[in-house]
Amino acid sequence: MGIGRRGWWRIGLAAALCAAGTGTAAVASGAVPLGGRTAASADEQRAPGSEDGLQVVNVSVDRTRAHGLTVVRALVANLGPHEVSDHFHATVKLPKHVTVEGRAFPDSCRYDDARRELTCDFRKGLALRRTATVLLPLRIADDVRPGERLSGGAVSVQDPDRPTRTVPSRAFTIDVQ
């Protein structure tokens with residue numbers, strides 16, 4: 001039994017969709033050239049003021065119960081165009097009504113109670129297109145009620161290759177169930 005005339009268009013459509021999906025994923029990952037240029041050379045030709053260098057690309061916090069424990073996860077990425085060979089710092093500003101409980105990651109994190117900030121040193125720099133993670137366990141205060149949203153948290157990064165540039169921070173909130 002062969003494939004009838006009507007079956008070929010389905011195979012062709014499936015092949016086209018698979019190829020398009022694979023090509024999109026490959027371009028997004030920088031695995032294939034973009035318009036005749038490699039992803040690295042495209043990064044080097046970005047317009048001034050565009051996002052590059054070290055950036056906080058994601059901050060997530062799990063919902064937690066009143067009096068519970070949650071973890072702030074912050075992801076810092078080196079968007080290029082060059083490796084960051086010097087150490088850099090990530091700073092986490094804590095919302096009110098939370099305290100640090102347990103060990104933060106990396107181990108180099110220091111908490112300043114007066115400023116309600118945690119500063120984490122990444123001593124080895126960061127290779128191009130690589131990420132660094134901050135994990136911060138937080139305890140919700142006893143006076144917080146279910147349904148409250150704790151705002152005022154933010155994560156920022158200091159880029160040693162651009163010391164005068166202000167890198168935008170990422171705000172976060174904690175939803176208490």
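## Strand pairing, core and loop geometry

In this predicted model, the residue R73 has L135 of β7 as its bridge partner. That pair belongs to a wider arrangement, in which β2 and β7 run antiparallel and are joined by nine bridges. Strand β7 also pairs with β4, which covers residues 98-100, again in the antiparallel sense but over three bridges; within this pairing, T99 stands opposite R139 of β7.

The loop between β1 and β2 contains G68, and this residue is in contact with L138, R139 and I140, when its neighbours within four places in sequence are left aside. The C-alpha atoms of G68 and I140 are separated by 5.6 Å, although the two residues are 72 positions apart along the chain. G68 has a relative accessibility of 11%, and because the limit for a buried residue is under 20%, G68 counts as buried.

### The nonpolar core

The largest nonpolar core comprises 32 residues, and those with the most contacts inside it are F88, V92 and L136. At least two residues of this core come from each of β1 (54-61), β2 (69-78), β3 (88-93), β6 (117-122), β7 (131-140), β8 (149-158) and β9 (170-175). The largest share, five residues, is supplied by β7.

What does F88 touch, not counting residues up to four places away in sequence? The residues touched by F88 are L54, V76, C120, D121, F122, G125, L126, A132, V157, Q158 and P160.

### A buried aspartate

D159 is located in the loop between β8 and β9. Is D159 buried or exposed? With a relative accessibility of 2%, D159 counts as buried. A polar atom of the D159 side chain lies 3.0 Å from the backbone nitrogen of L54, and L54 also appears among the residues that F88 touches. Apart from neighbours within four places in sequence, D159 is in contact with G53, L54, V84 and V167.

### Backbone geometry in the loops

Most residues other than glycine have a negative phi, and most peptide bonds are trans. The table lists two residues with a positive phi and two cis peptide bonds.

| Site | Backbone feature | Value | Loop |
|---|---|---|---|
| G80 to P81 | cis peptide bond | omega near 10 degrees | P81: between β2 and β3 |
| F105 to P106 | cis peptide bond | omega near 5 degrees | P106: between β4 and β5 (110-112) |
| H97 | positive phi, not a glycine | about 75 degrees | between β3 and β4 |
| R129 | positive phi, not a glycine | about 65 degrees | between β6 and β7 |

For the two residues with a positive phi, the accessibility can be stated as well. H97, in the loop between β3 and β4, has a relative accessible area of 37% and is therefore partly exposed. R129, which is found in the loop between β6 and β7, has a relative accessible area of 42% and is likewise classed as partly exposed. Both assignments follow because partly exposed covers the range between the buried limit, under 20%, and the exposed limit, over 50%.

Strand β7 thus recurs in several parts of this description: β7 is joined to β2 by nine bridges, pairs with β4 over three bridges, and supplies five residues, the largest share, to the largest nonpolar core.

How values were computed: Residues are numbered from 1 along each chain as its sequence is written. This is a predicted model: local features need pLDDT of at least 70, side-chain atom pairs count only at pLDDT 80 or more; totals for chains, interfaces and linings use all residues. Side-chain values use heavy atoms; hydrogens and water are left out. A nonpolar core is a set of buried Ala, Val, Leu, Ile, Met, Phe, Trp, Tyr and Cys residues joined through side-chain atoms within 4.5 Å. Buried means under 20% relative accessible area, exposed over 50%, partly exposed in between (1.4 Å probe, protein chains only). Helices (H or I, at least four residues) and strands (E, at least two) are DSSP runs, numbered from the N terminus. Contact means heavy atoms within 4.5 Å. Two strands pair if DSSP finds at least two bridges between them. A polar contact is a pair of N or O atoms within 3.5 Å; within protein, one must be able to donate a hydrogen and the other to accept it, and residues adjacent in sequence count only if both atoms are side-chain atoms.
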